Amino acid sequence: MAAEKNGSTPDVTILGAGIVGITTALSLTERGFQVALIDRNPPAEGASYGNAGSLSPWSCVPQSMPGLWKSIPGWLLDPEGPVALRTGYAIKFLPWAIKFFQSGQEYRLPAIADAMMALTRPTVTLYRHHLKGTGSEELVRDSVYVHVFRNAADADLSKLGWRMRSERQVPLEVVKGDALREIEPALSQQFEAAVLIKQQGRALDPGGIGKVLAEKAQTMGVSFMRCRVESLVPEAGGAWRIKTDAGPVKANQLVVAMGAWSGKLMQDLGIKAPLDAERGYHLVFRDPGVSLNNAIMNVDAKFVISSMSAGVRCAGTAEFAGVDAAPDYRRARVFKKLAKDMFPDLNVDDVQEWMGPRPSTPDSVPYLGEVPGFANLYAAYGHGHTGMTMAPKTGEIIASLIAGETLDVNMTPYRIGRFG
Ligand SMILES: Cc1cc2nc3c(=O)[nH]c(=O)nc-3n(C[C@H](O)[C@H](O)[C@H](O)COP(=O)(O)OP(=O)(O)OC[C@H]3O[C@@H](n4cnc5c(N)ncnc54)[C@H](O)[C@@H]3O)c2cc1C
């Protein structure tokens, strides 16, 4: 893709061509701005590449919930458990972890849930809008989000997470036995019940969607520059100089959308905004032999499994090891046994492994909007477990802010300085 370095400085330069940067570029371009996107890699090859593809307009339950801490020691001790903390990373992880548990106090949850849902609610509509005319419209499917339980008694809508959803009019239904098998015929009889979250979407190829939308952005006039961003230097008059491995690049307005890598860049400017890389893994069964109708969440093991373009994909787990530590693919291989347990007819012989870092804030709410103390600098990162879902609305918000439009969202919960 063509570099845009010596021509006129674009109105807005976006750092990071993940799904957040790409959808933000589209929303800005639709408003008539000249946009440049900078990434060291081709578009959508970070966390946006291999995620579980769940597009839930109803996501409003954060990762940190009351009582969660009781499960953590057991998870950490289990090599096949859903959470891992790499030896040597504990000291660095601690300050983020403290804020994470503080965020999960019950009195904080309503504001967090509303802030999450303001970003998730229009996801399917906005993806369909962006994909229109690309020829890849079928990459977003209507779906039910099937949360399966081995023990029927655990499909209990009186639990806090489900109550939070019910209070926000999320369409839920409990199904058991044969009714569940009708929805997902290949699911093992060991799973007795499920809670269905209805009226949502799923992506058949999250990375593919990012690439298709990046191509669309390019045809709409967005320029792409392939280089590594090293630091940001504010200049007189509100302009910016971006130091890159390809030399300095001038910018007028800057949007930071480098996902889990944004933390260090902002820290170097003196901005305090806790962010950790919650590294997730996927395993794709390329010749699965079974087909799943929906996105399915294994609630106990905490991973999502669904049929995608490339096969059946399991995605999940959270590993804290630092953003650039080498992957430990044993964490992906765990899915072989877990998936076979759910779908006995699944062929698990031909697999492909992947790791990507979720950009996680302690309260599951991203940092969005103007960065106090710096002119023309906008944050658009920290989308954690729901960034694929939240990306298009993020793009709309950032574009509206830059265009000076009246916002339909209260920006207070997203402010970058909220952790002090
Ligand atoms: C296993 C897993 C499952 C998930 N499942 C779901 C799901 O079902 N639904 C959902 O909504 N979300 C899901 N997510 C979360 C979602 O994938 C992320 O929140 C989202 O992709 C973040 O997008 P992003 O654009 O902010 O970051 P990224 O996609 O990581 O993009 C950041 C970009 O910045 C670039 N970059 C970084 N540093 C530099 C630098 N120095 N110079 C230049 N470029 C740089 C990178 O190359 C990258 O392209 C999941 C994540 C994982 C890991």
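Is threonine 317 buried or exposed, judged by the other C-beta atoms within 10 Å? Threonine 317 is buried, with 24 other C-beta atoms within 10 Å. The legends below describe a predicted model, beginning with the chain as a whole and then turning to close-up views.

**Figure 1. Overview of the chain, which has 11 helices and 19 strands.** The radius of gyration of the chain is 21 Å and lies close to the 22 Å that the globule rule gives for 420 residues, so the chain is as compact as a globular protein of that length. The C-alpha trace spans about 65 × 45 × 40 Å along its principal axes, and buried residues account for 50% of the 420 residues. Where contacts join residues at least 6 apart in sequence, 76% of them link residues that are at least 24 apart.

**Figure 2. Close-up of the packing of helix H1 (residues 19-30) against helix H11 (residues 387-403).** The axes of H1 and H11 are 7 Å apart, and the two helices pack at an angle of about 40°, which means that H1 is oblique to H11. The crossing of these two helices is right-handed. On the H1 side the contact is formed by Ile19, Val20, Thr23, Thr24, Leu26, Ser27 and Leu28, which meet Gly387, Met388, Ala391, Pro392, Thr394, Gly395, Glu396, Ile398, Ala399 and Ile402 of H11. Sorted by class, the residues in the contact of H1 with H11 comprise 10 nonpolar, six polar and one charged.

**Figure 3. Close-up of the crossing of helix H5 (residues 123-131) with H11.** The axes of H5 and H11 come within 8 Å and cross at roughly 75°; because angles of 65 to 115 degrees count as roughly perpendicular, H5 is described as roughly perpendicular to H11. From H5 the contact draws on Thr123, Leu126, Tyr127 and His130, and from H11 it draws on Thr389, Pro392, Lys393 and Glu396. Divided by class, the residues of the contact of H5 with H11 are three nonpolar, three polar and two charged. Pro392 and Glu396 of H11 belong to this contact with H5, and Pro392 and Glu396 are also among the H11 residues that meet H1.

**Figure 4. Close-up of glycine 81 and threonine 317, whose C-alpha atoms are 7.8 Å apart in space.** Along the sequence, glycine 81 and threonine 317 are separated by 236 residues. Glycine 81 lies in the loop between helix H2 (72-77) and strand S4 (83-85), whereas threonine 317 has its place in strand S16 (residues 311-320). Glycine 81 counts as partly exposed because it has 18 C-beta neighbours inside 10 Å, while threonine 317, with 24 other C-beta atoms within 10 Å, is buried. When residues up to four places away in sequence are not counted, glycine 81 touches Gly74, Trp75 and Leu76. The backbone of threonine 317 has a positive phi of about 65°, although this residue is not a glycine.

**Figure 5. Close-up of tryptophan 58 in the loop between strand S3 (54-55) and H2.** Tryptophan 58 is buried, since 22 other C-beta atoms lie within 10 Å and the threshold for a buried residue is 20 or more. Leaving aside neighbours within four places in sequence, tryptophan 58 is in contact with Thr120, Arg165, Val170, Ile197 and Gln200. The C-alpha atoms of tryptophan 58 and methionine 117 are separated by 6.2 Å, although the two residues are 59 residues apart along the chain.

**Figure 6. Close-up of isoleucine 38 in strand S2 and of alanine 44 in the loop between strand S2 (35-39) and S3.** Isoleucine 38 counts as buried, with 28 C-beta neighbours inside 10 Å, and alanine 44 counts as buried with 25 such neighbours inside 10 Å. Not counting residues up to four places away in sequence, isoleucine 38 touches Thr13, Leu15, Met225, Cys227 and Val229. The C-alpha atoms of isoleucine 38 and methionine 116 are separated by 27 Å, with their positions 78 residues apart along the chain. The phi of alanine 44 is near 60°, a positive value in a residue other than glycine.

Definitions and conventions. Residues numbered from 1 in each chain as written. Predicted model: local features only at pLDDT ≥ 70, side-chain atom pairs only at ≥ 80, totals over all residues. Axes fitted to C-alpha atoms, helices over the stretch in contact; angles between N-to-C directions. Helix = DSSP H or I, 4+ residues; strand = E, 2+ residues; numbered from the N terminus. Parallel < 35°, antiparallel > 145°, perpendicular 65-115°, else oblique. Left-handed = near helix turned anticlockwise from the far one by under 90°. Contact = placed C-beta atoms within 7 Å. Nonpolar A, V, L, I, M, F, W, Y, C, P; charged D, E, K, R; others polar. Rg over C-alpha atoms; globule rule 2.2 N^0.38 Å. Buried ≥ 20, exposed ≤ 12 C-beta atoms within 10 Å, placed from the backbone.
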